[in-house]
Amino acid sequence: MGVSLPYYRPLLPTHVKQIDKTGRKILERIGIRILDSTFLDTLKKAGAHVDYDTNIVRFEGAWLDRVLSQAPSHFTLYSRDGRNNLPLSEGKVHFANGGRVFRILDMITGGYRLTMLRDVANTATLVDRLDYIKFYIIACQAHDLEPENYHLNDFYQAFNHTSKHVMGGCDNLEGVKQMWELSCMIAGGEEKLRDKPFVSVITNPISPLTIEANTLDILNFCATHGIPVTCNPAPITGTTSPVTLAGTLSQMHAESLAGAAIAQVFAPGAKVLYGAVPMTMDLRTMELALGSVEMTMMNAAAVQLAKLYDLPIYASGGLTESKRPDIQAGIEEGFSNLTVAMAGADCIHLAAGILDSGNSIAYEQLVIDNEIIGIIQRMLAGIKVDKETLGFDVIEKVGPGGNFITEDHTIEHMMDEYFYPTLSVRCNFDVWEERGRPSMLSRANELVQNILSDCEECQEGILDMELISQIKKSFPGISKI
């Protein structure tokens with residue numbers, strides 16, 4: 001529409017350099033604990049300093065710079081249909097829902113229930129139909145599956161219900177192998193998947209300053225097989241990181257750089273995102289406070305730290321402590337998503353559908369957040385200014401005392417100048433009463449029902465039926481929903 005607005009910068013340039021310097025000093029003097037002897041050998045061979053007695057790996061500054069210089073500053077998270085490809089580090093902000101919670105809010109009963117495999121399919125279907133949520137993150141844990149088949153079924157239902165890019169966490173090497181083999185079959189072969197990967201993986205170090213074997217296995221597999229990956233630290237202020245925001249950012253920065261550097265040791269040029277989920281806790285009550293303004297500020301600051309190294313960033317936004325889609329959820333999620341977006345994050349996950357400090361999801365919150373994200377994207381687009389939009393000719397034609405409602409200029413620009421909400425109520429009071437006093441929440445519930453009822457064929461999904469048959473023959477662990 002126009003030119004992006006100035007980005008929000010919570011850190012002064014001198015403060016960015018101070019945090020970066022502290023993070024690098026952490027890596028050089030304190031180091032990262034690596035809980036696998038094979039990977040210790042790999043890192044030592046690559047030139048890192050390894051202490052086998054303590055399992056500590058230290059990253060000397062020049063070595064770190066040399067390794068990180070191999071990480072690509074630009075790459076694309078592909079969609080299968082090509083309509084929702086996500087180029088990273090090109091000034092665009094891409095929003096996604098959040099991942100792998102254990103409960104879902106049932107608006108009919110008003111209570112929570114455990115999430116099932118059908119909820120993976122339903123959330124993928126909703127994201128596929130929502131315009132402003134640009135990629136799908138595996139939304140929840142399927143409690144009706146055995147653990148050995150979690151990831152096979154998660155990713156299958158995701159691929160079968162959205163053609164947008166799919167991202168998900170994997171617990172172990174077997175899970176990521178299942179995902180990769182399934183993805184190769186859908187792509188038409190390993191090389192096609194490597195050329196345009198439509199799937200990516202989330203891994204997590206353990207704060208403070210520890211990476212265990214499963215994470216390293218997953219990071220290694222993704223790096224060497226061309227799957228985009230993030231090694232995504234989630235330090236919590238005052239518990240697994242310093243209580244101060246700057247201290248938490250320094251530690252998180254060290255952990256993020258370590259993950260990116262190790263990925264390059266495994267496979268120079270590996271597609272890696274700088275990961276950031278710095279979190280806060282209300283230390284008066286020891287309750288997580290993921291909707292706090294401080295968490296928002298730290299995620300915005302993480303963007304500045306990632307861009308210091310020209311790394312695409314996977315940041316966090318859109319979280320709330322609220323248990324329902326209510327005023328608190330709107331305030332916390334709206335401010336959080338807007339702030340991190342205006343910092344210029346490439347990807348913002350957890351941006352839609354999440355409630356209760358990241359413990360629960362709601363279908364209705366997913367579609368409400370889609371509308372909030374649409375408003376944010378309109379704000380980021382700015383105001384287009386050129387000869388046509390300045391409108392001198394039509395102002396001259398209409399003249400004093402006229403009106404513009406029937407002018408061609410109005411008709412030509414009425415759709416591309418404005419964001420038109422789907423859920424917000426725009427009518428006078430009498431009309432509102434005649435319509436049964438709708439609200440954003442009631443409209444969100446109606447939209448959810450319409451999308452899911454329109455997709456009764458979702459039992460079969462969007463993949464080609466012949467391909468579905470081949471997948472089920474090749475992967476007997478595929479379950480029905």
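Visitor: What makes the largest pocket in this structure a pocket and not a cavity?

Guide: In this predicted model, the largest pocket holds about 780 Å³ of space. It is called a pocket because its set of points is open, whereas a probe in a cavity cannot get out.

Visitor: Which residues are closest to the centre of the largest pocket?

Guide: Of the 34 lining residues, Gly-99, Arg-100, Asn-204, His-349 and Leu-350 are the closest to the centre. They count as lining because each has an atom within 4 Å of a point of the pocket.

Visitor: Which element supplies the largest share of that lining?

Guide: Helix α8 does, with three residues. α8 spans 213-225, and β10 (165-169) and β11 (199-203) each supply at least two residues as well.

Visitor: How many cavities of 30 Å³ or more are there?

Guide: The search of the whole structure finds two. The largest cavity has a volume of about 50 Å³, and the second largest has about 30 Å³.

Visitor: Why does Gly-98 count as polar in the lining of the largest cavity?

Guide: Gly-98 lines the largest cavity, and Gly is placed among the polar residues, so Gly-98 is one of the polar ones. The full lining has seven nonpolar, four polar and no charged residues.

Visitor: What classes of residue line the second largest cavity?

Guide: Three are nonpolar, seven are polar and none is charged. Leu-290 and Met-295 are among the lining residues, and both count as nonpolar because Leu and Met are in that class. Helix α10 (residues 293-307) gives the largest share of this lining, three residues.

Methods:
Residues numbered from 1 in each chain as written. Predicted model: local features only at pLDDT ≥ 70, side-chain atom pairs only at ≥ 80, totals over all residues. Heavy atoms only, no water. 1 Å grid on protein atoms, 1.4 Å probe; cavity = no way out; pocket = protein on both sides within 12 Å on 5 of 7 lines; lining within 4 Å. Points joined across faces, edges and corners; volume = space filled by probe spheres on them. Helix = DSSP H or I, 4+ residues; strand = E, 2+ residues; numbered from the N terminus.
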